[in-house]
Amino acid sequence: QVQLVESGGGLVQAGGSLSLSCTASGLTFAAYAMGWFRQAPGKEREFVAAISAWSGDMTAFGDSVKGRFTISRDNGKNTVYLQMSSLKAEDTAVYYCAGFAWSFTSWGRREQARSYDYWGQGTQVTVSS
């Protein structure tokens, strides 16, 4: 049984930083590309970031977070991280991690939620202005 469990969400002031973690079990983590999405109330799920499988040498970010967020992975810990800085009120959302079995074809569709095989339950991030 595959599980993705996010942690690290919470309340932070605008301009602050927060780090999210997502730990996976039940899959060969290194062989999965991992991504982060977010969804604010009344809005569609939005792509935030993704990191390629294995060495994670490829990353991608949504336009709204470029230059402020970073993504990394530790295959030894089956964990993917999202480091968020210079947070804004509009970053407030439930953040979800997700993973898909690696292929270059799927990587080309990394910004699409339907490309992902597994999802976590989400963690709330609230940025106060």
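**Strand pairing, nonpolar cores and a salt-bridge network**

In this predicted model, strands β7 and β8 pair in the antiparallel sense over 6 bridges. Within this pairing, D74 has T79 of β8 as its bridge partner. Both strands belong to an open sheet of 4 strands, arranged in the order β1-β3-β8-β7 with antiparallel pairing. The edges of the sheet are occupied by β1 (3-7) and β7; each has a single partner strand, so one side of each remains without a neighbour in the sheet. On average, neighbouring strands of this sheet are turned by 15° against each other, direction ignored.

The largest nonpolar core comprises 29 residues, and those with the most contacts inside it are W36, F69, L82, M84 and Y95. Two or more residues are given to this core by each of β3 (18-25), β4 (32-39), β5 (46-51), β7 (69-74), β8 (79-84), β9 (93-101) and β11 (123-128). Strand β3 supplies the largest share, 4 residues. Apart from this core lies another, of 9 residues, which includes A33, F47, A60 and W107.

The surroundings of F69 were examined in further detail. When its neighbours within four places in sequence are left aside, F69 is in contact with R38, V48, F61, L82, Q83, M84, S85, L87, D91 and Y95. Two of these contacts, R38 and D91, also meet each other through their side chains in a salt bridge, with an N to O distance of 2.8 Å. This pair links distant parts of the chain, as D91 lies in the loop between β8 and β9 whereas R38 lies in strand β4, 53 residues apart. Both D91 and R38 are buried.

The structure holds 4 salt bridges in total. In one of them, E46 is joined to R38, the closest N and O atoms being 2.8 Å apart. The two partners differ in their exposure to the surroundings: R38 counts as buried because its relative accessibility is 4%, while E46, at 30% relative accessibility, counts as partly exposed.

A further salt bridge is formed by the side chains of R68 and D91, at 2.7 Å from N to O. This pair, too, links distant parts of the chain: R68 is in the loop between β6 (59-61) and β7, and D91 is in the loop between β8 and β9, 23 residues apart. Both R68 and D91 are buried. Taken together, R38, E46, R68 and D91 are linked in a network of salt bridges.

Conventions: Residues are numbered from 1 along each chain as its sequence is written. This is a predicted model: local features need pLDDT of at least 70, side-chain atom pairs count only at pLDDT 80 or more; totals for chains, interfaces and linings use all residues. Side-chain values use heavy atoms; hydrogens and water are left out. A nonpolar core is a set of buried Ala, Val, Leu, Ile, Met, Phe, Trp, Tyr and Cys residues joined through side-chain atoms within 4.5 Å. Buried means under 20% relative accessible area, exposed over 50%, partly exposed in between (1.4 Å probe, protein chains only). Contact means heavy atoms within 4.5 Å. Two strands pair if DSSP finds at least two bridges between them. Axes are lines fitted to C-alpha atoms, for helices over the stretch in contact, and angles run from 0 to 180 degrees between N-to-C directions.
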